[in-house]
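Trainee: I am new to this structure and would like a close look at a single part. Could you take me through the aromatic rings and what lies around them?

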Amino acid sequence: MHDAVLFEECRCADGKRLGIATLNSEKSLNALTLEMIRLLQPQLASWEADPDIAAVLLRGAGEKAFCAGGDVRALRDALLSDDSHPQPQALDFFREEYTLDYHIHCYAKPLIVWGHGIVMGGGLGLMAGASHRVATSATRIAMPEITIGLYPDVAGSWFLQRMPARVGLFLGLTGAPLNAHDALICNLADHVLASDAWPQLLEQLQQQYWDADAATRNAQVSALLSQLEQAARSSLPPSNVLPNLLTIHQLMTQGDLASVADSLSTQQFDNDWLASAAKNFCHGCPVSAAVTWEIFQRARHLSLAEALRMELILSLNFCHKPDFREGVRALLVDKDRQPQWHYRQLADIPQDWVDNHFVAPWPADQHPLASLP
């Protein structure tokens, strides 16, 4: 057996140390498990409190993925064995995952995420809130939850709102993938380095003489990453988002989901990326689309903590309803890619079914994430 997360510390030129955490499940593309979460959270807190730790780095084992999302197969197995609501294992996973995501957003030291390779779902939850989010030419980011009957969580209801031209809504509805160039435009990455730049990054961080002030240390890391980025500019892939911004904005500002769905299902797109995204929407879960649309109406002015509290309710309700289990079955278990969604068409979904996803399965004063400020 191997440790699900590996921790190490490296000495810097001034005697301070770097903390390095590596998600260590290369075979599963570093899919995030409750065990990983329970290892990461206390170690990040310990490094945050240690005055000799100058900065923290988070990466994934291997060359294929930083983190391909949460371990939804294991979650489905738990749901099939216990249909209570809220299901205890689902509650533990999502509560602790969202607490970790919040901690990363608020981390008091430079936290560098090496977002190389596949970054999906829960992996993006780990990356999105870091102070320094590094993509590479091999980075592939997506929130593809509509394909498994879920919705873009891990603070997606908060950070997808903060993208230009309603791109976040488009990504949530279609699960369209992003490359490193797209990640910069969509505010999901701060720097793009060469795919083989990890050793150089680590070496130069170790050569730093760190300022005592955390804000100044953040600036030191930004300056270093900016220097390293110069060598990777020529390998930056062409953006899929940038030439399609106006089209995406026009698609997403039609006033209601029915009109958006009609455009995505009937319009002929010359752009392959847009065409693929539209196809993905049409094959995705209708309830996921309806709830995602509703989230964007309700979450517009929520704080990060409020958004995560809403998401915990949503995630547990999705687990209790049939589409998530069916979506995981079709895509990852039986792999027939023929999900039998509970409602086959958007027009068939009662508004009460959508609204019920937002109803907490506990008394109002007992929210498990009430402690998030």
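Mentor: What follows goes through the rings, then the pocket, and last a few loop residues.

This is a predicted model, in which local features need pLDDT of at least 70 and side-chain atom pairs count only at pLDDT 80 or more, while totals for chains, interfaces and linings use all residues. Residues are numbered from 1 along each chain as its sequence is written, and side-chain values use heavy atoms, with hydrogens and water left out.

The structure holds seven aromatic pairs (rings of Phe, Tyr and Trp, the last by its six-membered ring, with centres within 6.5 Å; planes under 30 degrees apart are stacked, over 60 edge-to-face, the rest tilted). One of them is made by F94 and Y98: their planes meet at 45° with the ring centres 5.8 Å apart, so this pair is tilted. Helix 3 (residues 88-105) carries both F94 and Y98, which sit four residues apart, or about one turn of the helix (helices are DSSP runs of H or I of at least four residues, strands runs of E of at least two, numbered from the N terminus). F94 and Y98 are both buried (under 20% relative accessible area; exposed is over 50%, partly exposed in between, with a 1.4 Å probe and protein chains only). F93 joins F94 and Y98 in one aromatic cluster.

A second pair to look at is that of Y343 and W353, which is edge-to-face, with 75° between the planes and 5.6 Å from centre to centre. Y343 belongs to the loop between helix 15 (322-333) and helix 16 (351-356), whereas W353 is in helix 16, so the pair ties together parts that are ten residues apart in sequence. Y343 and W353 are both buried.

W353 also has a charge over its ring: the charged end of K321 sits there, 4.1 Å from the ring centre (NZ of Lys or CZ of Arg within 6 Å of the centre and within 35 degrees of the ring normal). F358 has a charged end over its ring as well, that of R298, at 3.9 Å from the centre.

Helix 16 leads on to the pocket. Helix 15 and helix 16 are among the helices that each supply at least two residues of the lining of the largest pocket, as are helix 11 (257-266), helix 12 (272-283) and helix 13 (286-298). This pocket holds about 970 Å³ of space (on a 1 Å grid over the protein atoms alone, an open set of points with protein on both sides within 12 Å along at least five of seven lines; lining residues have an atom within 4 Å of a point). The lining has 37 residues, and F281, C282, H283, G284 and C285 are the closest to the pocket's centre. With six residues, helix 12 gives the most to this lining.

Now the loops. P86 lies in the one between helix 2 (72-81) and helix 3, the helix that holds F94 and Y98. The peptide bond joining H85 and P86 is cis, with omega about 0°.

Two other loop residues have a positive phi without being glycine. L29, in the loop between strand 2 (17-23) and helix 1 (34-49), has a phi near 60°. Its relative accessibility is 26%, so L29 counts as partly exposed. N187 has a phi of about 65° and is placed in the loop between helix 7 (180-185) and strand 9 (191-193). N187 counts as partly exposed because its relative accessibility is 43%.

Methods: 1 Å grid on protein atoms, 1.4 Å probe; cavity = no way out; pocket = protein on both sides within 12 Å on 5 of 7 lines; lining within 4 Å. Points joined across faces, edges and corners; volume = space filled by probe spheres on them.
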